[in-house]
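Grab your viewer and work through a few short exercises. Try each task yourself before you read its solution.

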Amino acid sequence: MKVIADLCVVPMGVGVSVSKYVTACEKVLKEAGLETKLHAYGTNIEGDWDTVFTAIRRCHEVVHEMGAPRITTTLKFGTRIDRKQTMEDKVISVQNQLERE
């Protein structure tokens, strides 16, 4: 089953800047072969259910290995079985509606 997810991993106890941890997680997602779109407060991810959730677990493992004693994560995700839809399709749909208004 395909899933589109929005992931925000926040390491705690590592100071104010977390970009190196975000970078490490982005590498994990790319290495898993997932389609991603980084945004200001997280990453959109598109792919097979098991691959996505295995990669999210790996993100936690890597960030802990980097020294973060605690991680808080926000995850939103959705599935659709009536038709194929990508992250890009969803954005284009809204952009098209905005242009019609």
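Here are three exercises, each with a worked solution.

Some ground rules come first. This is a predicted model, so local features need pLDDT of at least 70, side-chain atom pairs count only at pLDDT 80 or more, and totals for chains, interfaces and linings use all residues. Residues are numbered from 1 along each chain as its sequence is written, and side-chain values use heavy atoms, with hydrogens and water left out.

**Exercise 1. Work out how β3 is paired with β1 and β2.**

Step 1: Find β3, which covers residues 42-48; strands here are DSSP E runs of at least two residues, helices are H or I runs of at least four, and both are numbered from the N terminus.

Step 2: Look at β1, which runs antiparallel to β3 and is joined to it by six bridges. Two strands count as paired if DSSP finds at least two bridges between them. One spot to check is D6, standing opposite N44 in β3.

Step 3: Now take β2 (residues 35-39), which pairs with β3 in the antiparallel sense over five bridges. These two strands make a hairpin with two residues between them, and E35 has E46 in β3 as its bridge partner.

**Exercise 2. Describe the surroundings of E46: what does its side chain reach, and which residues is it in contact with?**

Step 1: Check burial. E46 is buried (under 20% relative accessible area; exposed is over 50%, partly exposed in between, with a 1.4 Å probe and protein chains only). Five of the seven residues in β3 are buried too, E46's strand being mostly covered.

Step 2: Look for a charge partner. E46 has no salt bridge, that is, no side-chain nitrogen of Lys or Arg within 4 Å of a carboxyl oxygen of Asp or Glu. The nearest side chain of opposite charge, K84, is 6.8 Å away.

Step 3: Try the backbone instead. The E46 side chain reaches the backbone nitrogen of M87 at 2.7 Å.

Step 4: List contacts (heavy atoms within 4.5 Å). Beyond its neighbours within four places in sequence, E46 touches V3, I4, L34, E35, V52, T86 and M87.

**Exercise 3. Find which residues touch the most other members of the largest nonpolar core.**

Step 1: Build the core from buried Ala, Val, Leu, Ile, Met, Phe, Trp, Tyr and Cys residues joined through side-chain atoms within 4.5 Å.

Step 2: Of its 19 residues, L7, L29, L34, I45 and V52 touch the most other members. β1 (2-12), α1 (19-31) and α2 (49-65) each supply at least two residues, with α2 giving the largest share, six.

Step 3: Zoom in on L34. Sequence neighbours within four places aside, its contacts include L29, I45 and V52, and also E46.

Conventions. Lys and Arg count as positive and Asp and Glu as negative; His and the chain ends are not counted. A polar contact is a pair of N or O atoms within 3.5 Å; within protein, one must be able to donate a hydrogen and the other to accept it, and residues adjacent in sequence count only if both atoms are side-chain atoms.
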